[in-house]
Amino acid sequence: MPLSRSAVAAALPGLALALVIGVVATLVGRLVPVVGGPVPAVVLGALVGAVLRRRRGAGDLGPVQPGVKFASSRVLQAAVVLLGAQLSIGEVVRIGGETLPVMLTTLVVCLAAAWSLGRLLRVSSALRTLIGVGTGICGASAIAAVTPVIGAASAEVAYAVSTIFLCNIAAVFVFPVVGHAFGLSQHAFGVFAGTAVNDTSSVVATATIYGRQATDTAVVVKLVRTLMIIPIVVGLAGLEARRTARTDLAPASGPGRAGGVRVLRLVPWFLVGFLVVVLLRTVGVLPAAAAPGFSTVATFLITVALGAIGVSTDFGALRRAGFRPMLLGIALWVLVAGTSLGVQAALGQL
């Protein structure tokens, strides 16, 4: 839906703020590659938001509110579209065929555990979904894709990203030790890192410690794993539609209201864009040499959006969430790592 001139003008202050936070966080991420840009963006944004709220003495953010809201939704969605430039259908078929059993098993185990253990720990539905997809798929990118679909609160997004970040940092130090202890080959460790570590920067950092071949394998596995976003987000969109707009889907179907039309209404536009970009990469319209550039832009947009989410984060809500979501994230991280090694062992790939 196009924005009016007044809406654009209202969004500029918040967008400018998010952009500045994104630039600073990106610089921090380059200085400390293991950390990356998204997590510093959340932290810086949260600090800026706290200062703004204290100065205003109210819960709202004043003139930056419209732009912050825009950045935390539309900018996130645009970033997801650009992630498609890293993949071609050929790469998906070649690498995915070999690692699909590991990826699917870890994803199913992770999502099932997020639902059951999250309920047991009394973690909110949205937060356990964010932590589940972030752990099971690809960290901040998956959280970015799912957030607009389930309408997660900014505090929940910030908590989920922070939880994933802590597990990623632990993986950088722990996983190479585990790999050497089990005598994993370069290929096996690459699959392990690609399926059990989340954000790309942490995957690269973890695998690089183990070896060059492990790094090459891990990166490709990680990119193929990103495609799991598509069925997950479509499924969540369907569940949200049934939960919040059941009456809109209830009228009897006629010749002009076939089930296919309904399905299309459930597919978020940014996932369609993601698939289009993958197709353009496959047919050569987007050359492989351009993929790193698109990846850099996508990462920057995610950083900007997470900076905006940080600005709108309510610290009170984070405190009320307590330690249970963090416990859930750590439990899922350990479970996914164990499942990845277990499936590889069962398939004779270790």
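Start by selecting G151: in this predicted model, G151 sits just after helix α6 and takes a positive phi of about 65 degrees.

**Helix α6**

Step back from G151 and select residues 140-150, which make up α6. This helix is mostly covered, with 10 of its 11 residues buried. The buried set consists of A140, S141, A142, I143, A144, A145, V146, T147, V149 and I150.

**The whole chain**

Now show the full chain as a cartoon. There are 17 helices and 0 strands. Of the 350 residues in the chain, 50% are buried. Turn next to contacts between residues at least 6 apart in sequence: 80% of them join residues at least 24 apart.

**The largest nonpolar core**

Select I137, F175 and L306. Within the largest nonpolar core, which has 92 residues, these three touch the most other members. Then colour residues 154-182, helix α7, which gives the most to this core, with 10 residues.

Keep F175 selected and display what surrounds it. Beyond its neighbours within four places in sequence, F175 is in contact with F189, F192, A196, V197, T206, W333 and A337.

**Three threonines**

The next stops are three threonine side chains, each with a polar contact to a backbone oxygen.

Stay in helix α7 and pick T163. Is T163 buried or exposed? T163 has a relative accessible area of 0%, so it counts as buried, the cut-off being under 20%. The T163 side chain reaches the backbone oxygen of Y159 at 2.9 Å. With neighbours within four places in sequence set aside, the contacts of T163 are P325, M326 and G329.

Move to T106, which is placed in helix α4. Here the relative accessible area is 2%, and T106 is therefore buried. Measure from its side chain to the backbone oxygen of V102 and the model gives 2.9 Å. Which residues does T106 contact, leaving aside neighbours within four places in sequence? Select V336, T339 and S340 to see them.

The third stop is T282, in helix α14 (residues 269-283). Because its relative accessible area is 33%, T282 is classed as partly exposed; that class lies between the 20% and 50% cut-offs. The side chain of T282 reaches the backbone oxygen of V278 at 2.9 Å. Add S88 and I89 to the selection: T282 touches both, not counting residues up to four places away in sequence. For the pair T282 and S88, the C-alpha to C-alpha distance is 4.6 Å, while the separation in sequence is 194 residues.

**The second largest pocket**

Finish at the second largest pocket, which holds about 330 Å³ of space. To centre the view, select W115, S125, T129, L236 and L239, the closest to the pocket centre of the 14 residues that line it. Then show α4 (89-120), α5 (125-138) and α11 (229-244), the elements that each give two or more residues to the lining. How many nonpolar, polar and charged residues does the lining have? Colouring the lining by class shows 9 nonpolar, 2 polar and 3 charged residues.

How values were computed: Residues numbered from 1 in each chain as written. Predicted model: local features only at pLDDT ≥ 70, side-chain atom pairs only at ≥ 80, totals over all residues. Heavy atoms only, no water. 1 Å grid on protein atoms, 1.4 Å probe; cavity = no way out; pocket = protein on both sides within 12 Å on 5 of 7 lines; lining within 4 Å. Points joined across faces, edges and corners; volume = space filled by probe spheres on them. Helix = DSSP H or I, 4+ residues; strand = E, 2+ residues; numbered from the N terminus. Nonpolar A, V, L, I, M, F, W, Y, C, P; charged D, E, K, R; others polar. Core = buried A, V, L, I, M, F, W, Y, C linked by side-chain atoms within 4.5 Å. Buried < 20%, exposed > 50% of the residue type's maximum accessible area, 1.4 Å probe, protein only. Contact = heavy atoms within 4.5 Å. Polar contact = N/O pair within 3.5 Å; in protein donor to acceptor, adjacent residues only side chain to side chain.
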